[in-house]
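This report describes a protein chain and the ligand it holds. The sequence and structure come first, and the text follows.

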Amino acid sequence: MMAVAGAWRALKPVAFIAALLPLLGLIAALLQMGSASLGPNPVRELLHATGKESLNWLLITLLISPIREISGQWQWLTIRRMLGLWAFFYALLHLAVYVILELELDWSELTQEIIRRPFILVGLASLLALLPLAATSTQRMMRRLKKRWQQLHYLIYPATALAIWHYYWQVKADVLEPLVYASALVLLLSWRALQRSNAFGRLD
Ligand code: HEM
């Protein structure tokens, strides 16, 4: 019994370290830049890695509810907010790499870029949808917004859908990976819809 309690106590630090590791990997790769560990185009590599991490952590965050419901263990919920914030953090890092390293803070270039690569606007929309979630992620906001908090936090679904669309739009040939992400999101949405219809069924 004690061992089980200990294992649940370890969940939060383990999840934190799991989300931190890709960042440490990127920092380590950057420090070895001389030996070209990030490949011939390090900025592109950083963009890809941070974009992917953000999307991965969004989907893992969405996976927490089904895991909780299937396992019947509420403790899983204790890591959901932290994982969502990690997804947001990687999205901010992705934007920072783009604006600082790729555009070199040249704002006039941004307009040209958006015309040339409109998928960037979809990424921006995804980030904007994540913004109110991060801003209201505290316990205080949760208590203040009550039922509206839950409704607001459903924004994670359109934010993830936009991120997948952003990804799908910019890959030229190999659409397999974005399609795998899209299928995962459809599965998660179907699960949510099924849970809702069951809940309504129970009310009848
Ligand atoms: C301000 C918002 C954003 C901007 C300006 C932006 C920009 C970009 C750019 C320039 C690329 C690289 C395209 C290339 O290889 O030519 C990219 C790729 C990507 N972005 Fe974003 N993005 C934004 C938001 C997001 C968000 C919020 C997510 C995820 C939640 C995301 C996920 C991705 C993914 C998964 C890729 C592809 C990575 C790969 O090819 O492996 N982006 N983005």
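## Contacts of Ala87

Setting aside neighbours within four places in sequence, Ala87 is in contact with Ser54, Trp57, Leu58 and Thr61. Two residues are in contact if their C-beta atoms, placed from the backbone, lie within 7 Å.

## Basis of the model

This is a predicted model, in which local features need pLDDT of at least 70 and side-chain atom pairs count only at pLDDT 80 or more, while totals for chains, interfaces and linings use all residues. Residues are numbered from 1 along each chain as its sequence is written.

## Nonpolar core

The largest nonpolar core (buried Ala, Val, Leu, Ile, Met, Phe, Trp, Tyr and Cys residues joined through C-beta atoms within 7 Å) has 22 residues, and Trp57, Ala87 and Ala163 have the most contacts inside it. Two or more residues of this core come from each of α2 (42-71), α3 (80-102), α5 (119-135) and α8 (156-170). The largest share, six residues, is given by α3.

## Around the ligand

There are 21 residues around the ligand (C-beta atom, placed from the backbone, within 6 Å of it), and His48, Gly51, Ser54, Gly123 and Ala163 come nearest. At least two residues of this shell are supplied by each of α2, α3, α5 and α8, with the largest share, eight residues, from α2.

## The whole chain

The protein chain has nine helices and zero strands; helices (H or I, at least four residues) and strands (E, at least two) are DSSP runs, numbered from the N terminus. Buried residues (20 or more other C-beta atoms within 10 Å of their own, C-beta atoms being placed from the backbone) make up 18% of the 204 residues.

Definitions and conventions:
Buried ≥ 20, exposed ≤ 12 C-beta atoms within 10 Å, placed from the backbone.
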